[in-house]
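Q: Please take a close look at one helix in this model. I would like to know how it is placed, how its ends look and what it packs against.

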Amino acid sequence: MKRRILCGMLVATTLISTRAFSQAYGVLMSQSDFKTTDMLQFSQYNYGFTTARSAAMGGAFASLGADLSSITINPAGLGMYRSSEVGISPSLTVSRSDNGAFGGGRNNRTRFALNNFSAAINVYEGSGSLVSVNLGFGYNKLADFNYRSGAGSFTNDMSIAEVFVNQLRGIPSAWLSDSNSPYDNSNIGIDQWGSVLAYKSSLIDPAGEDTYTIGAFDMNTAKSHFAQINSRGSIGEYSLAAGFNINNVVYLGASLGIQDIYQLQTVGYDEAYTDNAVADPMLNMMYDQRVKVYGTGVNFKLGAIVRPTAGLRIGVAVHSPTFVSVDREYSGWMYTHFADNNNGNQTTKTDVYTYEYTGPTRLQAGVSYTFGQTAILSVDYERVWYNGMRLSDANSWVKNNFKSMIKNDFQGASNVRAGFEIKPMPALALRGGFAYYGTMLQNNDNVFDMPIDYETYNVSAGLGFKFSKYVSLDLAYVYMNSTYSEYDLFYYSGKGNDGTDVEIGSSYNPATGRFEGVNQTRKRHNITLSLGFRF
């Protein structure tokens, strides 16, 4: 059974407010707040964004080692280097979002980026039990936030103005004047700022001292809804690592990772009205929200690889939770267009909040077999405990509230990666791979405040060229297909002005009489070129 999830709006729950709590959901209603789904999004990694060799083999490098991606996946793999290497891996990613909603269509975005730039330095070679020591440092991309998506609907029944009317009920209209600085009023939550914009732009009008009504359009008129989400950003990790070779049998490694988190997201919404019967009617409204998130995270990794026979390798690594601190900037803008051109144009202030939380613990395990110098097979299993994420910098009530929602909505996820390499000749390698990133949702049918990537699979292939013992060139292509949870543009469930229960949403389907969320898939085509130098 589907249910709508209110994903822990932190600012709204920590502000002291006299208003009654209302359940407003959806992408358009949740941008202002930090949520459990934000913690989830910044904790999801894809190992297709790495060196070309590792990406082509599905990222299955928990046991293989001797690749610069080892610093990120299993630092014990650094111990397998017997010389030094420096490499750079630029990439090209084409992202396409699809959904079946009215006006959604296909939305593409192309982006050049750096997947990996790292070095492994051989600092010690010995003749005893400690055979060698290698240090590694560099950068690896973990997640990509560069995409564009759109969704819409067409219905005569619902308007976002109805949500704003109900959200603002209980707030005296006198508080909303510029002289009273409504955006600095602690009794008006940041999640109500859209409603304040609606009032100041005449999308909604006062009906009493603290009640409101729809503005200058007829609720029976035809209405179209369209939203566009534009996102830029990524998560990259800078690492410092060490790997140790003991008797060419046991390899140990440890690393410190410092993450750079950045996302700039704009959510634009347009609602148009046709056949409007009122005098000087409103023709359309536009509502834009801008959210910028930037911050850092710190984690630690410990790993080991055992080679019981010449060809067999068994690897394991533990990634600590990432301790994250991010700043979140939010602002909103609304424009209303009337037939007499007496238009509304209002902007909120830009507000900045700092949030601290810990991400999930990760366990990597892998088995690989090397067939002499001609072939390699490798399989990895990863367990990610998303239900262990925790909010840090809040009072105990809010932290416990977040903890409860995380446990109710999320679970540990199982990911599998596999790859192969065949060398038909010493200077040429043919590679292929597959990766499956499983769901972390307790119920995939739940409708969240934002689309959640709950299932992704990668299919990959690549080539490797060894020009000499010192120079190599690798090429990889990765196809990534992600399925997202359903979401609403806006949805409200609660009491109306007359005290009766109301249900309002953009996803209402008059033909079925049900609220049906937007479905979305995202496909990425990633091409990576790696140039490596050994010395």
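**A close look at helix α5**

A: In α5 of this predicted model, the buried residues are Ile160, Ala161, Glu162, Val163, Phe164, Val165, Asn166, Gln167 and Leu168. That is nine of the nine residues of the helix, so α5 is largely enclosed by the rest of the structure. Buried here stands for a relative accessible area under 20%.

The two ends come next. At the N-terminal end, Ser159 acts as a cap of α5. A side-chain oxygen of Ser159 lies 3.1 Å from the backbone nitrogen of Ala161. After the helix comes Gly170, which has a positive phi, near 100 degrees.

Now to the packing. Helix α5, residues 160-168, packs with helix α6, residues 193-200. The angle between the two is about 110 degrees, and their axes are 9 Å apart. That angle makes α5 roughly perpendicular to α6, because angles from 65 to 115 degrees count as roughly perpendicular.

On the α5 side, the residues that meet the other helix are Phe164, Gln167 and Leu168. On the α6 side, they are Gly194, Ser195, Val196, Ala198 and Tyr199. Sorted by kind, the residues of this contact are five nonpolar and three polar, with no charged ones. Phe164, Gln167 and Leu168 thus appear in two lists: they are buried, and they take part in the contact with α6.

For the wider setting, the protein chain has seven helices and 26 strands. Of its 535 residues, 56% are buried. Among contacts in the chain with a separation of 6 or more, 74% are between residues 24 or more positions apart. The accessible surface of the chain comes to about 20400 Å², and carbon and sulfur atoms account for 57% of that surface.

A buried residue in a strand can be set beside the helix. Ser378 is found in strand β16, residues 375-385. Ser378 has a relative accessible area of 2%, so it is buried. A polar atom of the Ser378 side chain lies 2.7 Å from the backbone oxygen of Ala60. Apart from neighbours within four places in sequence, Ser378 is in contact with Ala60, Ser63, Leu64, Val367, Ser368, Arg417, Ala418 and Gly419.

To return to the helix: α5 is largely enclosed, is capped by Ser159 at its N-terminal end, and packs with α6 at an angle of about 110 degrees.

Terms used: Residues are numbered from 1 along each chain as its sequence is written. This is a predicted model: local features need pLDDT of at least 70, side-chain atom pairs count only at pLDDT 80 or more; totals for chains, interfaces and linings use all residues. Side-chain values use heavy atoms; hydrogens and water are left out. Axes are lines fitted to C-alpha atoms, for helices over the stretch in contact, and angles run from 0 to 180 degrees between N-to-C directions. Helices (H or I, at least four residues) and strands (E, at least two) are DSSP runs, numbered from the N terminus. Angles under 35 degrees count as roughly parallel, over 145 as roughly antiparallel, 65 to 115 as roughly perpendicular and the rest as oblique. Contact means heavy atoms within 4.5 Å. Ala, Val, Leu, Ile, Met, Phe, Trp, Tyr, Cys and Pro count as nonpolar, Asp, Glu, Lys and Arg as charged, and the others, Gly among them, as polar. Buried means under 20% relative accessible area, exposed over 50%, partly exposed in between (1.4 Å probe, protein chains only). Accessible areas come from the Shrake-Rupley method with a 1.4 Å probe; for residues, only the protein chains shown count as cover. A polar contact is a pair of N or O atoms within 3.5 Å; within protein, one must be able to donate a hydrogen and the other to accept it, and residues adjacent in sequence count only if both atoms are side-chain atoms.
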